[in-house]
Amino acid sequence: MELLSGGEMIMRALKEEGVKMIFGYPGGAVLHIYDALYQQDSVEHILVRHEQAAVHAADGFSRSTGEVGVALVTSGPGATNAITGIATAYMDSIPLVVISGNVPSHLIGSDAFQETDMIGCSRPIVKHSFLVRSIEEIPGVMKKAFHIAKSGRPGPVVVDVPKDMTAPQEKRPFQYPETVKLRSYTPASKGHTGQIRKALDLLLEASRPVIYAGGGVVLGDAAQELTELSRRLGYPVTNTLMGLGAFPGSDDQFIGMLGMHGFYEANQAMHQADVIFAVGARFDDRVTNNPKKFCPNARIVHIDIDPASIQKTVRHIEVPLVGPVKSVLADMVEMLTQMDVKPDQKALEAWWETINGWREKHGLWTGDRYTRRDQIMPQDVIRVLYEVTNGEAFICSDVGQHQMFAAQYYKYDKPRQWVNSGGLGTMGFGLPAAMGVQLAHPESAVAVVTGEGSIQMCIEELSTCTQYKMPVKIINLNNAALGMVKQWQDMQYGGRYAGSTYSDSLPDFVKLAEAYGHVGMKVTDPAQLKTRMEECFSMKDRVVFMDIYVDPDEHVYPMHIPTGSMKDMVLSKTERTK
Amino acid sequence: MRHIISVLMENEPGALSRVVGLFSQRGFNIESLTVAPTEDSTLSRLTVTTIGEDGVIEQITKQLNKLIDVVKLVDLTEGDHIERELMLIKIKATGTQRAEVKRTCDIFRGQIVDVAPAVYTVQLTGASEKLDAFIESIGTSAILEVVRSGVSGIARGERVLSV
């Protein structure tokens, strides 16, 4: 059998797992691994400028491809810097393997230089973690790490490797396991046939149905199955923030995103629904508003791969269905074909009429409601971005008002096209995630929709973009303040902007972009927005930083009225639902 | 309601911290906790008593089941079961008190396992309420030290928790 060092074993394991690219930052504890990395050519390493970005980039890579993202960081500060990235991936169920170095085994627990208890620090935010205790166990640990990360409900797995486990002179027999068996871990591979039948029966009884699809459909590669079933039924479909793209955003059957900043028609439909079909969604507090008032008349079917997601917040689930959404939806389509039962068309027509009424009344897409002439409106930036990119770009968002505008005003027709930190809400996510997306899709347009607040949280990655020629387009909605914080301060704190403004100390983003070797563009005139945007996307090989000055006082609407039900919404600065 | 949840988990370093961490992380409460290896050295058995409404208990069992190190678990309070807790208790025993402590100890079927001129150390086994009752009978002013093992439990009849 082949003899390899621990460092070489890690690299070989990555190769065996089909990993082409990893994101990392070297340091003392991982130097042996980096030396092994240097001496092979199947895995490319992308050197980021901060470990948080390494994990976000691996995350973006994974979100846009469905493959496991891999990051490599050193011990101590390298590991703790990775924590935000790991928590981001954990909240959104993104499969990652994060390899962290640690001090040599005999120094663990001695407060050695750059020592951190990474297993302890990361414990609440990983799907699982491994501390490597012997060189021999490395192949098995790596195999398990990848298996756990990508199967069932995906998530990040940390592999913590003490430095002595990778010493080049310590060679051990290497054989990569072909299969993995964990007696304590067997995620459901199929849904229960009886429950599927029950779910379908309930769906067909509905007169005011809504299909509520979440990130699980995207992660479970079930968009096609969802679309087929939805079309067959003719029911309205709403997506969560994480589910955007699971059903085509430009389709008439799509009634928009739901939740806190969801579409009026989507939230009204949910509230009035008699049957809700929840697919790969977890009834997050940003969706449900007050769970006690959530959809009082709805009978609910809930499909999820994770049993713990079922009945966690909303308790009245009539048909729980544990299983991978892809196979469950495929089974439902097949069963539907055999049953030859059709939904109540008359009731459905009336339901669509009601929904279309809501759409006309307060829908996002009606007329010029948000268009002003003197200042650029943030919503218009997203509309123009949609037009200029033909709706085909990967949109990587940061966190804040711009994120909600990007979720509302760009129509995502494909899964994995929309990349954002939904669960954790991590500012600084957008740019590094976009790097991962761009590297995975070198020919595609990749835009970072961000704000002058978020972009400054990982702005050092502009340097990584230079080094690896990643021509991402940065669409900076500059309102010279932490917009979402300011909006809440407007709404609930009498306009007292505590710690949310910095207008006199913002950098000149154009010069900053140029300093990194990129193209900078300042846009203030609404009349020029579209031509400048076209110019930006015509520079296919360049990073372009579009610093777009938008109305600083704009709020994101509609918005749930806190503690209310799904239907209770603030519609504009002056209107609310009754 | 009080529940006794019995967990079989991998006898691996770190497994216990994952279970305990889960409880604090998700705001679940722990009344008592015991853990030791089983006859199969690769497995540990952990017993946790907790108090919560049905929804909370459902989440506790589901979230525990999600931990990779957890092999199997059962909520013992869902069926007939036996629960036991061991207590060692040091009691002031001087003068007339000495006979009184001995009598109380006999009533509760405890055993005096160590004797000093002014102190008895008593061992008592039973359900938690019995231990509470003994403490109450002795009275806190006479008690010098109490150590309780936490609850261990097992299902009655033929039901077993095994791999």
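This passage describes how chains A and B meet, how chain B is divided, and how selected helices are packed. The model is predicted, so local features need pLDDT of at least 70 and side-chain atom pairs count only at pLDDT 80 or more, while totals for chains, interfaces and linings use all residues. Residues are numbered from 1 along each chain as its sequence is written, with chains lettered from A and ligands numbered from 1 in the order in which they are written.

We can begin where the two chains meet. Here 17 residues of chain B are in contact with 15 residues of chain A, contact meaning that C-beta atoms, placed from the backbone, lie within 7 Å. On the chain B side, two or more residues each come from helix H1 (15-25), helix H2 (54-66) and strand E4 (70-75); helices (H or I, at least four residues) and strands (E, at least two) are DSSP runs numbered from the N terminus. H2(B) gives the most, with six residues. By class, this side holds four nonpolar, seven polar and six charged residues (Ala, Val, Leu, Ile, Met, Phe, Trp, Tyr, Cys and Pro count as nonpolar, Asp, Glu, Lys and Arg as charged, and the others, Gly among them, as polar).

H2(B) also has an inward-packed set of residues: B:Ile57, B:Ile60, B:Thr61, B:Gln63 and B:Leu64 are buried, that is, 20 or more other C-beta atoms lie within 10 Å of their own, C-beta atoms being placed from the backbone. The buried residues of H2(B) pack against strand E1 (2-10), H1, strand E3 (43-51) and E4 of chain B. The 13 residues of H2(B) should span 18 Å at 1.5 Å a residue, and its end C-alpha atoms are 18 Å apart, which agrees; the expected span is 1.5 Å times one less than the number of residues.

Chain B is assigned domain 1 (2-78) and domain 2 (82-152), with bounds from an automatic or database domain assignment. Their centres, taken over C-alpha atoms, are separated by 29 Å. Six residues of domain 1 of chain B are in contact with five residues of domain 2 of chain B. On the domain 1 side, strand E2 (32-37) and E3 of chain B each give two or more residues, and E2(B) gives the most, with three. That side divides into two nonpolar, four polar and no charged residues.

Turning to chain A, helix H16 (residues 430-440) is mostly covered, with 11 of its 11 residues buried.

Key:
Contact = placed C-beta atoms within 7 Å. Buried ≥ 20, exposed ≤ 12 C-beta atoms within 10 Å, placed from the backbone.
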